[in-house]
There are 2 protein chains.
Amino acid sequence: MAQSGHSGGPQVLRLLNCAAVLRAIRATGSARVTELVEATGLSRPTVTAAVTTLITDGWVEETEDRTKDTPRMGRPARVLRFRDNAQHVLGIDVGPHKVYCAVADFNGAVVTHVRRDVPSMISHSELLEHVKRTIELALNEASVSPTSLAAVGVGSPGIVDEHRGAIVQAPSVPGWNSLELAHWLRQSIDCPVHIENDVNLAIMAEQWNGAGSATDNLVLVQWGARVGAAVVVQGRLHRGAHGAAGEIGFVDLDSEPQGVQPDGLGPLEARIGTAAIIDRARRLGDITSPDAVTVLAAAAAGDALALKVLDDVCAQFARGFAPFLAAIDPELVILGGVITLAGDAVLAGVHRHLGQRALAVPRLELSALGDDAVALGAVRLAAADAEQRLLDSYMSADGLSRA
Amino acid sequence: MAQSGHSGGPQVLRLLNCAAVLRAIRATGSARVTELVEATGLSRPTVTAAVTTLITDGWVEETEDRTKDTPRMGRPARVLRFRDNAQHVLGIDVGPHKVYCAVADFNGAVVTHVRRDVPSMISHSELLEHVKRTIELALNEASVSPTSLAAVGVGSPGIVDEHRGAIVQAPSVPGWNSLELAHWLRQSIDCPVHIENDVNLAIMAEQWNGAGSATDNLVLVQWGARVGAAVVVQGRLHRGAHGAAGEIGFVDLDSEPQGVQPDGLGPLEARIGTAAIIDRARRLGDITSPDAVTVLAAAAAGDALALKVLDDVCAQFARGFAPFLAAIDPELVILGGVITLAGDAVLAGVHRHLGQRALAVPRLELSALGDDAVALGAVRLAAADAEQRLLDSYMSADGLSRA
């Protein structure tokens with residue numbers, strides 16, 4: 001996208017005015033010049049000049065006003081609209097069992113998404129190939145060129161080192177420890193790529209557009225084959241000093257430490273994850289359920305044996321989760337992942353057992369976004385970065401820092 | 001203290017200028033008019049007028065410059081100094097076994113303090129009487145009149161409800177649950193009184209002036225007869241949605257929930273507090289140590305039996321504390337309370353056992369402030385409030401809100 005050159009002095013001021021006008025147009029969606037004069041406090045000629053630059057740069061378009069009150073006579077008023085589709089962003093969820101790629105416009109509204117199941121025991125080079133093909137497919141479906149991408153967000157299990165763009169610890173995917181996923185994507189795609197822990201992205205999506213939008217102190221527990229959590233305190237994602245905040249799956253309840261299991265699961269995951277759920281069901285005499293999904297659906301339908309299994313894992317979860325809650329005392333805990341198939345029964349079970357262990361029991365809700373949460377959070381991450389860089393491109397000319 | 005009347009318009013501007021000049025004087029300690037002109041960007045006549053008002057109001061005094069470069073000839077330059085002792089603040093630590101009252105100047109520098117041991121099984125009206133007498137004694141020693149107090153901070157065990165000024169939960173002090181301590185102090189003292197959880201105040205003190213000053217992500221564990229923690233994330237004290245953040249003492253490790261013990265201790269406190277330490281020592285055959293203090297001092301001196309006791313409680317502590325750490329992944333954990341008598345041995349023990357359970361082990365340090373921490377945090381709380389209200393008194397005139 002073309003961008004006017006910067007040369008200091010009055011030119012810097014003109015660019016700052018562009019940024020102010022751009023911000024005002026994005027805040028309202030579409031606006032007349034008169035409204036922009038009011039919103040920015042700039043003069044009409046200044047606003048008009050800024051709008052011309054923004055149209056030339058491809059960010060703004062002029063259309064006829066169809067939504068606003070229009071005078072009955074004379075030509076219809078013209079409004080300025082941000083070109084949401086001037087550039088796009090990608091949100092990618094790379095899990096051990098799936099690759100999910102969402103294509104969204106510049107505002108983060110998803111245009112199309114593609115989800116591919118991935119065999120669980122593949123090499124990391126095969127997984128990268130899956131990621132690549134999923135991206136191509138999604139861009140094709142959306143008719144979006146890779147060159148028009150403004151930013152990419154990627155979610156992946158494990159502790160993610162933002163600075164190195166690497167996944168420091170992800171025992172669930174063989175070979176994943178040393179995978180420089182962001183580096184590889186950066187070589188393939190010509191725009192900034194941001195990598196983040198998958199559960200961290202899910203909580204950002206819930207805050208943005210889901211169950212967590214009304215509070216600034218919440219925890220999301222992603223409970224499936226693995227169990228991880230993300231933490232928002234004081235309105236902001238809390239990663240911790242080593243990027244390890246929220247790693248509930250590695251909590252060790254026994255008096256003798258158990259450590260990471262041979263299958264790579266953390267001690268709590270090994271007690272309550274989907275493998276443990278099906279194992280418990282079998283030990284209680286369930287010889288019909290082929291997988292945890294069936295057990296959880298049966299619990300939701302009121303099956304007594306399935307409810308007993310669910311109660312057992314909720315009791316174990318509460319035992320590890322109560323001291324976790326004691327650290328932050330959140331207002332809301334969102335449950336996500338396969339466990340949500342049990343519906344209200346899992347909320348009731350967790351609430352009952354936390355009530356026996358926690359000084360203050362938070363509000364409990366099921367995820368509003370389900371399987372889409374990580375990719376939506378990745379879209380959010382990419383869209384926020386794209387917007388910031390767009391504004392910066394007008395505001396940080398010649399060493400001028402952002403206001 | 002006299003305060004100029006507010007009447008809007010130019011008068012409001014004059015008060016805003018006073019606030020700016022006051023802020024500049026407080027930032028540097030003492031300053032010449034020329035320096036204030038530079039620091040505020042105001043004109044010399046404006047600064048001079050503001051200084052006159054501040055002197056009249058009693059906040060600033062003019063002295064001869066003894067510290068700065070002075071011309072050899074002519075009269076010495078005059079500097080303006082904030083009158084630190086124009087008003088004072090109190091910090092009070094009301095624990096189950098002591099009342100500690102610190103008198104500090106307006107900047108929070110402690111002038112004098114008085115500490116009184118309090119018998120453990122007294123009624124709450126007796127405890128209030130102790131508080132009252134300790135305050136009187138401390139004010140007398142400092143020659144400070146109660147009418148010159150700008151603010152009082154009070155620390156107390158339990159979950160403190162800031163808005164009600166009440167202690168919601170403090171099982172350690174009989175009758176304490178319903179005690180409206182702040183209300184009672186407000187009736188006795190004619191200035192704002194702020195009440196806060198004692199461990200929260202201790203961490204504020206460590207951040208201000210102790211071991212935690214270099215990080216914005218830390219936990220303080222106060223480990224004595226009771227065990228509680230306070231949490232700072234993103235640079236700010238984190239109280240939690242119900243004021244219960246940090247209540248590690250109530251963590252319940254057993255597969256069957258134990259709940260609060262008959263003696264009012266939480267399940268983890270009952271395992272690792274001073275009563276449990278002396279109990280363990282006796283069971284291991286120590287028939288000489290009269291109390292936990294002796295056992296901990298023996299551990300510090302390398303006594304094998306005492307070290308075994310310490311290792312046992314460190315193992316139990318790590319078991320409950322590792323999931324707590326998993327929530328926030330702090331950079332630093334400060335240990336305070338009686339346990340610090342064991343010195344490096346307790347740091348080593350906690351580090352060893354956390355290493356077997358936590359994904360990321362934080363840096364561990366002993367409290368730098370010890371027994372003074374709560375009262376110093378209370379001083380800090382009071383001084384911050386006093387300063388804010390002083391600046392507000394100049395800046396919020398006639399509905400003008402703070403810039």
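Is Arg115(A) buried, partly exposed or exposed, and what is its relative accessible area? In this predicted model, Arg115(A) is partly exposed, at a relative accessible area of 39%. The legends below begin with the surroundings of this residue.

**Figure 1. Salt bridge between Arg115(A) and Asp117(A).** The closest N and O atoms of Arg115(A) and Asp117(A) are 2.6 Å apart. Asp117(A) is exposed, with a relative accessible area of 58%, a value over the 50% cut-off, whereas Arg115(A), at 39%, is partly exposed. Both residues belong to a network of salt bridges that links Asp93(A), Lys98(A), Arg115(A), Asp117(A) and Asp371(A). Over all chains, the structure holds 36 salt bridges.

**Figure 2. Salt bridge between Lys98(B) and Asp371(B).** In chain B, the closest N and O atoms of Lys98(B) and Asp371(B) lie 2.5 Å apart. The pair links distant parts of the chain, with the two positions 273 residues apart in numbering. Lys98(B) belongs to strand E5 (residues 98-105) of chain B, while Asp371(B) is in the loop between strand E15 (363-366) and helix H12 (373-395) of chain B. Lys98(B) is buried, with a relative accessible area of 12%; Asp371(B) counts as partly exposed, at 38%.

**Figure 3. Salt bridge within helix H10 of chain A, formed by Asp312(A) and Lys308(A).** The side chains of Asp312(A) and Lys308(A) meet at an N to O distance of 2.7 Å. Both residues lie in helix H10 of chain A and are 4 residues apart, about one turn of the helix. An α-helix has 3.6 residues a turn, so residues three or four places apart point the same way. Asp312(A) is buried, with a relative accessible area of 15%, because buried means under 20%. Lys308(A), at 40% relative accessibility, counts as partly exposed.

**Figure 4. Helix H4 of chain A (residues 124-142) and its buried side.** For the 19 residues of H4(A), 1.5 Å a residue gives an expected span of 27 Å; the end C-alpha atoms are 27 Å apart, which agrees. The buried residues of H4(A) are Leu127(A), Leu128(A), His130(A), Val131(A), Thr134(A), Ile135(A), Ala138(A), Leu139(A) and Ala142(A). They cover an arc of only 160° around the axis, and therefore lie on the same side of H4(A). Their cover includes strand E4 (88-94), strand E5 (98-105), strand E6 (110-117), strand E7 (149-156) and helix H5 (181-188) of chain A. After H4(A) comes Ser143(A), with a positive phi near 50°.

**Figure 5. Interface of chain A and chain B.** The size of an interface is often given as the accessible area lost when the parts come together. Between chain A and chain B, the buried area is about 3300 Å², of which carbon and sulfur atoms give 56%. Gln234(A), Arg357(A) and Leu359(A) supply 22% of the area that chain A buries against chain B, more than any other three residues. Each chain is represented in the contact by 42 residues. The rule finds 0 salt bridges across the interface, while 20 residue pairs are in polar contact. Strand E12 (227-233), strand E13 (236-237) and helix H10 (304-328) of chain A each supply at least two residues of the side of chain A that touches chain B. The largest share of that side, 7 residues, comes from H10(A).

**Figure 6. Gln234 in chain A and in chain B.** Most residues other than glycine have a negative phi. Gln234(A), which is not a glycine, has a positive phi near 50° and is found in the loop between E12 and E13 of chain A. Gln234(B) also has a positive phi, of about 50°, and lies in the loop between strand E12 (227-233) and strand E13 (236-237) of chain B.

**Figure 7. Surroundings of Asn217(B).** Asn217(B) lies in the loop between helix H6 (198-209) and strand E11 (218-223) of chain B. Asn217(B) is buried, with a relative accessible area of 7%. Leaving aside neighbours within four places in sequence, the contacts of Asn217(B) include His238(A), Gly240(A) and Ala241(A) of chain A. Among the contacts in chain B are Val232(B), Val233(B), Ile328(B), Asp329(B) and Pro330(B). The side chain of Asn217(B) reaches the backbone oxygen of Asp329(B) at 3.4 Å. The C-alpha atoms of Asn217(B) and Leu237(B), 20 residues apart along the chain, are separated by 9.5 Å.

Conventions: Residues numbered from 1 in each chain as written. Chains lettered and ligands numbered in written order. Predicted model: local features only at pLDDT ≥ 70, side-chain atom pairs only at ≥ 80, totals over all residues. Heavy atoms only, no water. Expected span 1.5 Å × (residues − 1). Buried < 20%, exposed > 50% of the residue type's maximum accessible area, 1.4 Å probe, protein only. Arc of directions from axis to C-beta. Contact = heavy atoms within 4.5 Å. Buried area = accessible area lost by both parts, 1.4 Å probe. Salt bridge = Lys/Arg side-chain N within 4 Å of Asp/Glu carboxyl O. Polar contact = N/O pair within 3.5 Å; in protein donor to acceptor, adjacent residues only side chain to side chain.
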